[in-house]
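Student: I would like to learn how to read a protein model feature by feature, beginning with the overall picture and then going into the details. Could we go through one together?

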Amino acid sequence: MSAANLWVLLGLGLAGIFLASRRRKKGIKEDFGAFIERIQLLPPPQPSPPKAPHPLTGLTFAIKELFDIEGYVTGFGNPDWRRTHEPAVRTAPVVTFVVQGGATCVGRTVMDEMAYSLYGENKHYGTPTNPAAPSRIPGGSSSGSAVAVAAELVDFALGTDTGASVRVPAAFCGILGFRPSHGVVSTIGVVPMAQSFDTVGLFARDPNILRHVGHILLQLPFMEYRQPRRIIIADDCFQVTDIPNDRTVNVVTRSTEKFLGRQVLNHISLGKYLATKVPSLKYFQNEEESRNGEGGVSALKALSSALILLQRYEFKMNHEEWINSVKPDFGPGISTRVRAALETNNENIGHCLKARDETREAINGLLKDDAILIIPTTPGPAPKLNMKENLLDDFGVRAFTLLSISGMSGCCQVSIPVGQHDKCPLAVSMMARHGGDRFLLDTVRAMYPTLQEEVKIASSTQPTTTINGKMEAADIAKEKGNAAYKDKQWQRAINFYSEAIKLNGKNATYYSNRAAAYLELGSFAQAEEDCSVAIGLDKKIFNMRLYWNQPIKLQILQQTD
C-alpha cells in the first residue's frame, strides 16, 4: 500500500472518530436524560425574624418517580403502571419534610422499571447519561436522581434503596449516596418493592448538604458530634473487587491515620465473622466452598442469596396480582427478574427472616455505638453501556456479596467517591450500626476533606514499585485471574489478566490466558488479537496456535503455569 493511500485511510479514520464524537455529544440531552417530567413544589414563606430561616433554603432537589405527589400519577418507571393508577391524593411525608425545610422540588426522575435493577436502563424512558463516565451505565434503580445530582442540575435528590438503588448509582456517578437504617425514615407514600429492605435514600455532592437533608429526613434534634473510636476495614470484602488497594484501602487508611490516629484502625474478615455469628446462613451456603476453607466467601454469598430470595418473595406478594392482570410491557432484563420473582415460593422464607435478624444482631454487636465499618461499595467501576447480559450478571453476583451486608443487617451506609480508576468513578462505603445514622453522617462530613486530600495524593503519585515488584504484582494478578477462570467468572478473569498485562506487557502467558477468557465470552476478535501478541512474544508457545473448527470456532488452551 502506498504512503498516499495510508494517509487517505488515516484521514478517513480520524474523520469518522470526529463525527462519532459529535453525534455522541449531540445525543446527550441537556438534562442528561435524568428527568421524566418537570414539576415545582415551593417551600413555605420564611419565618419572621428573629426566627432562623428554613435550614434548606435555596437548595433544589429532584425525586424518583415512585414518591407520591398530590395530583400526579406515580409512574414506578413503567407506562403501564402509570396508565392503570390514579393520581395520588397526598404527597409522601418525606417529600413534605424536605419542602417544609426550605428546599424546592424541580422534577421527577427516571428510574428502572418497578425499581428492579442495579443498572439504570429503562426501555421506555431511556437510560440517563452518566455525567462522570458517559460510556458507562449510571446505575439503578434511582438512576435519574443520581444523574441529576452528578450533572449539577439539583443540589440533592431523593431515591430509594432496597437492594442497592442509591448506593450503586452514587458509586457509578461519583457522588455521595446515603442509605439510612431500615425503618427509621418514613416510606409512607412510596411504592413498595420489598418491605424488609425498602429505605428512602439520598444523593448529594456536598457532605454538608447530605448531613443537613439527612437530619431533616431522620427528624432528629441537634447533638454534638462524637468521633468514632474504631475504624474497621473488612479486608475480605476488598478482595472481591478489581481495584488496586492503593486507590481504596490505602486511601482510607492514610486519611484515618491523619484524622483520628493509627490506634483506631482495625481489620476483620467480615465473611468469617458472619459465618460464626449467623448460623441460619448454613441453609444458603455452598458446602464445597465451606469444606475448602472458603467459609468467609461462602458466608457473604449466602447472605446475598438470602436477601435476593426474600426480595423476590416480597416483590411477588406486592405486585403479582397487578402483573398478572395487566401483563405490562417490560424490558428484557426486568422481565427475567420479574419472572424469577413470580416463580418464588415461601419454602425458605423463614430461614431468610431468621438470617436477616441474626445479621442485624451480629453487625450491631461488631460496631456497637463507636465504630465505622469500611467496605467497597461495588466490585469495580460502572460496567459499559450495552454490555452483554451474562457479563452484567457476573458483576451483579459479586456486587450483591457486598451490598447485602447493610441490606440484611438494616444498618446505615454512605457511599463516598474516592477518585477514579480507568477514567471511571470509584467509591468506598462507611457503615454504622442500625440507628447510628446521625453518627454516620457526622463522621462522613468530618472525614470527607481529609479523605479527598488523600485521593488527590493517590491520583498524582506515580507508583514507586520496582521492576521486580511489578513483575511480582503481575504474577499475583495472573493467579487471581486463574482462580476467577476456574470459577467460570470470565469477565473478572479478563480484568485480572489485563491488570497483569499493564504491570508487565512482555509476558506471553498473560495474553494467552486473557485470550482463553475472551473465547469463553465469544469475543473472538479480542481472543485472536491476544493470541497474535502472545505468539509474537514467545514463538515456542505451540499450544497457543489458532485453528478453526466448524462452524468457525476458535480453540485456545489456557496457560496456568
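Tutor: Let us begin with the whole chain: buried residues make up 55% of the 561 residues in the protein. Please keep in mind throughout that this is a predicted model. The protein has 19 helices and 13 strands, and its accessible surface comes to about 25400 Å², of which 53% belongs to carbon and sulfur atoms. Among contacts between residues at least 6 apart in sequence, 75% join residues at least 24 apart.

Student: How should I read the sheet, and in what order do its strands lie?

Tutor: The general idea is that strands of a sheet pair through backbone hydrogen bonds, either parallel or antiparallel. Here, an open sheet of 11 strands has mixed pairing and follows the order E1-E3-E2-E4-E6-E5-E10-E11-E9-E7-E8. Strand E1 (35–41) and strand E8 (265–268) are the edge strands, each of them pairing on one side only. On average, and with direction ignored, neighbouring strands of this sheet are turned by 25° against each other. Packed on the sheet is helix H15 (residues 437–460), which touches strands E5, E7, E9, E10 and E11, and whose direction makes about 10° with that of E10.

Student: Which strands does E4 pair with, and in which sense, parallel or antiparallel?

Tutor: E4 is a good place to see mixed pairing, since it runs parallel to E2, to which three bridges join it, whereas with strand E6 (residues 200–204) it pairs in the antiparallel sense over five bridges. At the level of residues, Ala157 in E4 is the bridge partner of Ala62, while Ala204 in E6 is the bridge partner of Phe156. Strand E2 (residues 60–64) is also joined by five bridges to strand E3 (residues 104–109), and these two run parallel; within that pair, Phe61 stands opposite Cys105.

Student: Why can E4 be called largely enclosed?

Tutor: The reasoning rests on a cut-off, because a residue counts as buried when its relative accessible area is under 20%. Five of the five residues of strand E4 (residues 156–160) are buried, so the strand is largely enclosed by the rest of the structure. Its two faces are both covered, with Phe156, Leu158 and Thr160 buried on one side and Ala157 and Gly159 buried on the other.

Student: Which residues touch the most other members of the largest nonpolar core?

Tutor: As background, in soluble globular proteins, nonpolar side chains tend to be buried together. The largest nonpolar core in this model has 126 residues, and those touching the most other members are Phe61, Phe67, Val95, Phe156, Leu270 and Leu274. Helix H11 (residues 295–326) gives the most to this core, with 12 residues. A second, separate core of 16 residues includes Val106, Ala150, Val166 and Phe203. To see the surroundings of one core member, take Phe61: leaving aside residues up to four places away in sequence, its contacts include Val95, Val98, Val99, Cys105, Val154, Phe156 and Leu158.

Student: How many disulfides does the structure hold, and what is the setting of Cys412?

Tutor: A disulfide is a covalent bond between the sulfur atoms of two cysteines. The structure holds zero disulfides. Cys412 is in none, and the nearest cysteine sulfur, that of Cys411, is 6.6 Å away. With a relative accessible area of 0%, Cys412 is buried, and Cys105 also counts as buried, at 0% relative accessibility.

Student: Which peptide bonds are cis, and which residues have a positive phi although they are not glycine?

Tutor: The general expectation is that most residues other than glycine have a negative phi, and most peptide bonds are trans. In this model, the peptide bond from Pro49 to Pro50 is cis, with omega near 10°, and Pro50 has its place in the loop between E1 and E2. The bond from Gly140 to Ser141 is likewise cis, with omega near 10°, and Ser141 is found in the loop between E3 and helix H4 (143–150). Turning to phi, Phe32 has a positive value of about 60° and is found in the loop between helix H1 (3–27) and E1, where at 22% relative accessibility it counts as partly exposed. Lys423, with a positive phi of about 65°, lies in the loop between E10 and E11 and counts as exposed, at 72% relative accessibility.

Definitions and conventions:
Residues numbered from 1 in each chain as written. Predicted model: local features only at pLDDT ≥ 70, side-chain atom pairs only at ≥ 80, totals over all residues. Heavy atoms only, no water. Pairing = 2+ DSSP bridges. Helix = DSSP H or I, 4+ residues; strand = E, 2+ residues; numbered from the N terminus. Axes fitted to C-alpha atoms, helices over the stretch in contact; angles between N-to-C directions. Contact = heavy atoms within 4.5 Å. Disulfide = S-S within 2.5 Å. Buried < 20%, exposed > 50% of the residue type's maximum accessible area, 1.4 Å probe, protein only. Core = buried A, V, L, I, M, F, W, Y, C linked by side-chain atoms within 4.5 Å. Areas by Shrake-Rupley, 256 points an atom, 1.4 Å probe, with all protein chains shown as cover.
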